[in-house]
Amino acid sequence: MTELISIKDSSKHVDQEVKMHVWLTDKRSSGKIIFLQLRDGTAFFQGVVRKNDVSEEVFEAAKSLRQEASFYITGTVHEDKRSHFGYEIQISDLKIVSNNEGYPIGNKEHGVDFLLDNRHLWLRSKRPFAIMQIRNTMFKATVDFFEKEGFIKFDAPIFMHSAPEGTTQLFHVEYFNNDAYLSQSGQLYGEAGAMAYGKIFTFGPTFRAEESKGRRHMTEFWMMEPEMAWMHQDESLDIQERYLAYMVKQVLENNEYELRILSRDPEKLRPTTEGNFTRLPYDDAIKMLQEAGRDIKWGDDFGAPDEGYISEQFDRPVFIVNYPTTIKPFYMKKNPDNPKEYLCADVIAPEGYGEIFGGSEREGNYEILKKQIEEAGLNLEDYQWYLDLRKFGGVPHSGFGMGFERTIAWICKLDHIREAIPFPRLINRMQP
Ligand code: 4AD
Ligand code: MG
């Protein structure tokens with residue numbers, strides 16, 4: 001019996017007859033031979049139909065195919081050293097499922113707005129294909145890594161009553177007769193999870209209403225947020241480093257083909273797999289920027305160009321550690337050696353990509369945390385449950401949040417974060 005296979009598995013079936021379910025991306029013919037560019041979601045390759053080898057009916061069917069026609073094929077897999085992919089299929093039989101004219105995305109340059117308007121179809125093209133495959137590898141690497149480290153996945157709610165990262169970036173929703181907000185971080189719930197189960201991570205959509213049109217901002221993005229009981233900030237940095245090294249290693253091992261489609265040089269990613277990220281104190285980062293002639297002083301937050309400059313000084317991600325308390329959220333633990341700063345860190349990705357992770361040790365003391373909530377101008381009542389986590393069996397604990405799409409944008413070297421998610425939500429776009 002002829003086996004049904006996916007294009008990706010062609011290498012295991014050289015010189016065998018197989019069946020495939022495919023779509024057409026492009027077609028070229030020269031009299032007696034038709035070259036069909038095929039895709040099935042796992043890879044792209046070429047099918048060849050020769051007039052002399054197939055029935056009149058099959059040859060006519062192949063000739064009639066339009067872009068994005070869907071069809072069944074039977075044929076024999078051959079090596080094809082000239083192509084990116086390395087294999088092609090000599091087609092012996094072909095049966096059309098759907099074949100229509102007018103597919104809007106041609107094999108030519110289109111403006112990005114046009115492509116985003118047609119995102120539901122654009123996803124089929126090579127570049128989005130490569131990015132989504134890499135996204136999937138990163139997702140799997142995340143789940144595998146944290147499972148091996150003894151974490152469990154713990155899901156945080158999306159409807160929220162309170163605001164962990166400050167109140168200016170919240171999406172308000174009407175919740176029956178009450179106010180609610182879309183979650184900007186699962187962290188506070190993750191802390192409850194850590195006190196219940198030790199090591200947990202939340203991983204889901206989060207929302208920010210920043211009015212930013214920047215290439216690093218979306219209104220909806222995915223965040224991966226581990227939270228660890230009994231853990232200090234330094235150990236959290238160790239985990240972040242090993243996690244990022246592992247994730248990049250998995251991409252290099254599993255997505256060579258996709259990186260080639262994106263013209264992404266794997267050697268630029270290789271140093272990250274070695275770990276050993278510099279832990280640069282905030283104070284030193286400020287000095288580094290001042291020496292480079294940038295207009296910045298102690299106490300300022302970094303802008304995108306500042307982070308870009310710092311990231312270009314390293315061949316792998318770098319931690320900036322211990323920011324001033326005035327520019328970070330209320331839940332962080334102050335540095336006992338210097339109460340002007342928190343025990344916290346951001347991971348800055350190389351090649352100008354800037355912040356991809358943010359995290360800290362959490363304040364574990366009931367009274368101090370209560371004071372920090374009040375100083376932040378937040379309503380104590382809303383945070384009573386969060387304070388309970390300190391009242392009953394509070395322990396040192398730490399955590400961090402990885403911006404999934406920002407990390408994808410760096411690994412794939414994208415110009416804009418919007419390509420890192422299937423359907424981007426931006427200040428001026430929520431369709432399709
Ligand atoms: O630095 P942030 O705001 O940290 C938190 O939300 C913490 N509660 C995380 C934690 O400790 N559990 O966000 C974390 C990461 C950023 O480093 C960035 O990569 C990403 O989320 N991020 C965004 N990504 C896309 N669009 C936006 N508007 C983003 N805002 C933050
Ligand atoms: Mg941050």
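This is a short tour of a predicted model, with stops at a small set of strands, a surface patch and a cavity.

**Stop 1: an open sheet**

Start by selecting residues 159–160 and 172–175, which are strands 8 and 9, and add residues 178–182, which form strand 10. Together these three strands make an open sheet with the order 8-10-9 and antiparallel pairing. Strands 8 and 9 stand at the edges with a single partner strand each, so each has one side without a neighbour in the sheet.

Now look at how strand 9 meets strand 10: the two run antiparallel and are joined by four bridges. To see one of these pairings, pick Val 173 and look across to strand 10, where its bridge partner is Ala 180.

**Stop 2: a nonpolar patch**

Keep strand 9 on screen and select Tyr 175, which lies in that strand. Is Tyr 175 buried or exposed? Neither label fits: its relative accessibility is 35%, and because buried means under 20% and exposed means over 50%, Tyr 175 counts as partly exposed.

Next, add Phe 159 and Phe 176 to the selection and switch on a surface. With Tyr 175, these residues make a nonpolar surface patch of about 370 Å².

**Stop 3: a covered strand**

Move on to residues 397–403, which are strand 19. How many of its residues are buried? The count is seven of seven, so the strand is mostly covered, given that buried means under 20% relative accessible area.

Colour the two faces separately. In a regular strand, side chains alternate between the two faces of the sheet. Here, His 397, Gly 399, Gly 401 and Gly 403 are on one side, with Ser 398, Phe 400 and Met 402 on the other, and both faces are covered.

Then bring in the partners of strand 19. Select residues 220–229 for strand 12, which runs antiparallel to strand 19 and is joined to it by five bridges. Within this pairing, Ala 229 stands opposite His 397. Add residues 354–362 for strand 18, also antiparallel to strand 19, with six bridges between them. Here you can pick out Gly 358, whose bridge partner in strand 19 is Gly 401.

**Stop 4: an enclosed space**

Finish inside the protein. Rolling a probe the size of a water molecule over the atoms shows where empty space is left. The structure holds one cavity of 30 Å³ or more, and the largest cavity has about 40 Å³ of space. Which residues line the largest cavity? Select Glu 210, Ser 212, His 217, Met 218, Thr 219, Leu 426 and Ile 427 to display its lining.

Methods. Residues numbered from 1 in each chain as written. Chains lettered and ligands numbered in written order. Predicted model: local features only at pLDDT ≥ 70, side-chain atom pairs only at ≥ 80, totals over all residues. Heavy atoms only, no water. Pairing = 2+ DSSP bridges. Buried < 20%, exposed > 50% of the residue type's maximum accessible area, 1.4 Å probe, protein only. Patch = residues over 30% accessible without salt bridge, like charges linked within 9 Å, V, L, I, M, F, W, Y side chains within 5 Å. Areas by Shrake-Rupley, 256 points an atom, 1.4 Å probe, with all protein chains shown as cover. Salt bridge = Lys/Arg side-chain N within 4 Å of Asp/Glu carboxyl O. 1 Å grid on protein atoms, 1.4 Å probe; cavity = no way out; pocket = protein on both sides within 12 Å on 5 of 7 lines; lining within 4 Å. Points joined across faces, edges and corners; volume = space filled by probe spheres on them.
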